[in-house]
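Here are a few worked exercises on how helices pack and what lines a pocket. Have the model open beside you and try each task before reading its solution.

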Amino acid sequence: MIFVELFFTFLIIGAFTFGGGYSMVALIQDEVVLKHGWMTGQEFADLLAVSQMTPGPIGINTATYAGYTAVANSGLPTIAAVGGALLASVAVILIPVALLLLLSGWLKRHSNDRRVAQVLKVVRLSVVGLIAAAALGLMNSECFGFVGLNRHFVTSAIIFCAVFWMEYRYKTNPLLLFAGAGLAGLVVYGF
């Protein structure tokens, strides 16, 4: 039964998510943590961290790990959990790939149409909202280890603002920003 639920859950997530993997994160979290209870918020935060470090699109990585964890947490053997990972991965890309194949020629022919451009503009704006929802959904005690403001949250917010400002104002190399943020974290949180 979990395989059917897993398939349709990720099929729907893939069908209604536009803008890439980060816009999927809030929907995946809502489904696997809140609605189905397949994993805890802490497990999802850990899963998301691993998904970001793993090469490949974050949406598919998150779906893969969520499928594995959901089946493993249901008490089924490891081989079934691997099947859950594959099932979730295929389900999350099935409808987008089909739509891409069906609509790519039409979009290419009508790319200069004003109405098509307006629809795509609205889609881009909604993607920003989905990514913001994912970011706000991850501002919880599982990710920051607290409830309310404390030193860790304030430090993380300062590092975020500094990185944002350096990128926005000075167009700093992302690798330098990444290294600087990591160094700041080591200094603040200790080696």
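**Exercise 1.** In this predicted model, find which residues of H3 meet which residues of H4, then describe how the two helices cross.

*Solution.*
- Step 1: Start with the contact. On the H3 side, look for Glu43, Phe44, Leu47, Leu48, Val50, Ser51 and Gln52. Their partners in H4 are Ile58, Asn61, Thr62, Tyr65, Ala66, Thr69 and Asn73.
- Step 2: Sort these contact residues by class. The contact of H3 with H4 has 7 nonpolar residues, 6 polar and 1 charged.
- Step 3: Turn to the axes. H3 covers residues 41-53, and its axis comes within 9 Å of that of H4, with a crossing angle of roughly 140°.
- Step 4: Name the arrangement. Angles over 145 degrees would count as roughly antiparallel, so with its crossing angle H3 is oblique to H4.
- Step 5: Add the hand, which is right-handed for H3 and H4.

**Exercise 2.** Work out how H2 is placed against H4: what are the distance and angle between their axes, and which residues make the contact?

*Solution.*
- Step 1: Recall what is needed. A packed pair of helices is described by the angle and the distance between the axes.
- Step 2: Read off both values. The axes of H2 and H4 cross at roughly 20° and come within 8 Å.
- Step 3: Classify the angle. Anything under 35 degrees counts as roughly parallel, and H2 and H4 are therefore roughly parallel to each other.
- Step 4: Give the hand: H2 and H4 make a right-handed crossing.
- Step 5: List the contact. H2 contributes Tyr22, Met24, Ile28 and Val32, while H4 contributes Ile58, Gly59, Thr62, Ala63 and Ala66. By class, the contact of H2 with H4 holds 7 nonpolar and 2 polar residues, with no charged ones.

**Exercise 3.** Now take H2 against H6: at what angle do the axes cross, and is the crossing left-handed or right-handed?

*Solution.*
- Step 1: H2 spans residues 22-35, and its axis comes within 7 Å of the axis of H6, crossing at roughly 55°.
- Step 2: That angle makes H2 oblique to H6.
- Step 3: The crossing of H2 past H6 is left-handed.
- Step 4: Check the side chains in view. Tyr22, Ser23, Val25, Ala26 and Gln29 of H2 meet Val127, Leu130, Ile131, Ala133, Ala134 and Gly137 of H6.
- Step 5: The classes in the contact of H2 with H6 are 8 nonpolar, 3 polar and no charged.

**Exercise 4.** Describe the second largest pocket: which residues lie nearest its centre, and which helix gives the most to its lining?

*Solution.*
- Step 1: The second largest pocket has a volume of about 650 Å³.
- Step 2: Its lining counts 24 residues, with Thr17, Phe18, Gly19, Pro96 and Leu99 nearest the centre.
- Step 3: Assign the lining to helices. H1 (2-15), H4 (58-73), H5 (78-109) and H6 (114-137) each supply at least two residues. H5 gives the most, with 10 residues.
- Step 4: Finish with the classes: the lining of this pocket has 17 nonpolar and 7 polar residues, and no charged ones.

**Exercise 5.** Place these helices in the whole chain: how many helices and strands does the chain have?

*Solution.*
- Step 1: The chain has 9 helices and 0 strands.
- Step 2: For overall dimensions, the C-alpha trace spans about 50 × 50 × 30 Å along its principal axes.

Technical notes: Residues are numbered from 1 along each chain as its sequence is written. This is a predicted model: local features need pLDDT of at least 70, side-chain atom pairs count only at pLDDT 80 or more; totals for chains, interfaces and linings use all residues. Side-chain values use heavy atoms; hydrogens and water are left out. On a 1 Å grid over the protein atoms alone, a cavity is a set of points where a 1.4 Å probe fits but cannot get out, and a pocket is an open set with protein on both sides within 12 Å along at least five of seven lines; lining residues have an atom within 4 Å of a point. Grid points are joined across faces, edges and corners, and a volume is the space filled by probe spheres set on the points. Helices (H or I, at least four residues) and strands (E, at least two) are DSSP runs, numbered from the N terminus. Ala, Val, Leu, Ile, Met, Phe, Trp, Tyr, Cys and Pro count as nonpolar, Asp, Glu, Lys and Arg as charged, and the others, Gly among them, as polar. Axes are lines fitted to C-alpha atoms, for helices over the stretch in contact, and angles run from 0 to 180 degrees between N-to-C directions. Angles under 35 degrees count as roughly parallel, over 145 as roughly antiparallel, 65 to 115 as roughly perpendicular and the rest as oblique. A crossing is left-handed if the near helix is turned anticlockwise from the far one by less than a right angle, and right-handed if clockwise. Contact means heavy atoms within 4.5 Å.
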